[in-house]
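Biologist: I am new to this structure and would like a close look at a single part of it. Could you take me slowly through one helix and the way its neighbours pack against it?

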Amino acid sequence: MAGGIGSRFWPKSRTAYPKQFLDILNTGKTLIQWTYERFANFIPTENIFVVTSNEYTSIVKAQLPQLNEANILAEPSRKNTAPCIAYMAFKLQKENPNAALIVAPSDHMILDSDTFQQIALKALKFVSDHKALLTLGIKPTYPNTGYGYIQHEVQEFKPGIYKVKTFTEKPNLELAKTFLSSGDFLWNAGIFVWKVSSILEAFEKYQPEMYELFDAEKQQFNTPEENNALNRIYPLCTNISIDFAIMEKADNVYVLPAAFGWSDLGTWNSAYENLDKDYLGNAVASDNIIVIDATKCMISAEQDKLVVVQGIDDCIIVDTDDVLLICKKDKEQAIKEYVAEIKRNKGDKYL
């Protein structure tokens, strides 16, 4: 899934060129390129699909030239993850009703690709044998308040796989600490595995209106009429995540706990956590930054601009061609509010 705008990574991430297409961590590859390579290690290229927004298809083609153009799918509008997943499921059902599907965001970081591959193959085997909706849960290492949490049963359903009890969205710090100490809560990685038939059955049961919209047009999928069908479906679709639409309602949801160096890279602080630091705790995402008497800062700048930072502590500093952001790290959750304020005062020019 590669249709989001990544507003919490503003001003680096812009509506016209969002974070999945950026090299946020200064690695030489963009986030979507890393994601593609991770899956291409064990899934044939012809079975990898990117669902993105109409306006980003040319960027996907440029960044993933090895991908068949027919595997780059364009949504006519952003309606969150549920319609995106319904679209893909109906499309695959027509091609192979027995297909199993891994759904993953294009902008997450996974450090241990080998372990991820083992977990993904185990998950695919499980959903092939069971009518199950499976999600990957990350063993929490600290009480993060920016992630969703999954609570599971104490007893295993199958070796290493548990039935899900509850989902909780972004708890406060005290609740996150309680979750961590209880031992039966995991971070929600937003990576899902299921058979096409299982997820479509869930849509029919829990989102019947959305199901009917896609079902009425299913003969158009994998034909030249597919885009016209999407243009009829999407304006009528509810804007809703797969978590709210299906996962929190269904009774056949399971979780596979895992540890493979995962981060959703949702904020500048998460980038800070995943970058190397200097001896004063500064994380620098550029080769052309000089830091003097500054501590615990996240600093990102264009490679061709020299940036000198002195005497600043615990800040996010992001310099682009037309915007400079200097923000306290503990205020980063307010970046979305700053973006809204800019839109009110300056229009869309800087967004």
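Modeller: The crossing of helices α3 and α7 is right-handed, and the contact behind that crossing brings together Ala82, Pro83, Ala86, Tyr87 and Phe90 of α3 with Met210, Tyr211, Phe214 and Asp215 of α7. Sorted by kind, the residues of this contact come out as eight nonpolar and one charged, with no polar residue. Please keep in mind throughout that this is a predicted model.

Two packed helices are described by the angle between their axes and the distance between the axes. For α3 and α7, which spans residues 208-216, the angle is about 40° and the axes lie 10 Å apart. The two helices are therefore oblique to each other.

A second helix also packs against α3, namely α6. Here α3 covers residues 81-95 and α6 covers residues 196-206, and their axes come within 10 Å while crossing at roughly 130°. That angle makes α3 oblique to α6. The crossing of α3 and α6, however, is left-handed, whereas that of α3 and α7 is right-handed.

On the α3 side of this second contact stand Ala82, Ile85, Ala86, Ala89, Phe90, Leu92 and Gln93, and they meet Val196, Ile199, Leu200 and Phe203 in α6. The residues of the contact of α3 with α6 divide into ten nonpolar and one polar, with none charged. If you compare the two lists, you will find that Ala82, Ala86 and Phe90 of α3 take part in the contact with α6 and also in the contact with α7.

To place these helices in the chain, it helps to turn to the record: an unreviewed UniProt entry annotates residues 1-274 as "domain: Nucleotidyl transferase". In the model, the end C-alpha atoms of that span lie 22 Å apart, and the span is 36% helix and 18% strand.

For contrast, you may also look at a sheet elsewhere in the chain, an open one of four strands in the order β11-β13-β15-β16, with mixed pairing. Its edge strands, each pairing on one side only, are β11 (283-285) and β16 (324-328), and neighbouring strands of the sheet are turned by 5° against each other on average, direction ignored. Within the sheet, β13 (residues 298-301) and β15 (residues 315-319) pair in the parallel sense over four bridges, and isoleucine 299 stands opposite isoleucine 317 in β15.

Key
Residues numbered from 1 in each chain as written. Predicted model: local features only at pLDDT ≥ 70, side-chain atom pairs only at ≥ 80, totals over all residues. Heavy atoms only, no water. Axes fitted to C-alpha atoms, helices over the stretch in contact; angles between N-to-C directions. Parallel < 35°, antiparallel > 145°, perpendicular 65-115°, else oblique. Left-handed = near helix turned anticlockwise from the far one by under 90°. Contact = heavy atoms within 4.5 Å. Nonpolar A, V, L, I, M, F, W, Y, C, P; charged D, E, K, R; others polar. Pairing = 2+ DSSP bridges. UniProt positions renumbered as here; feature names shortened; annotations may be inferred.
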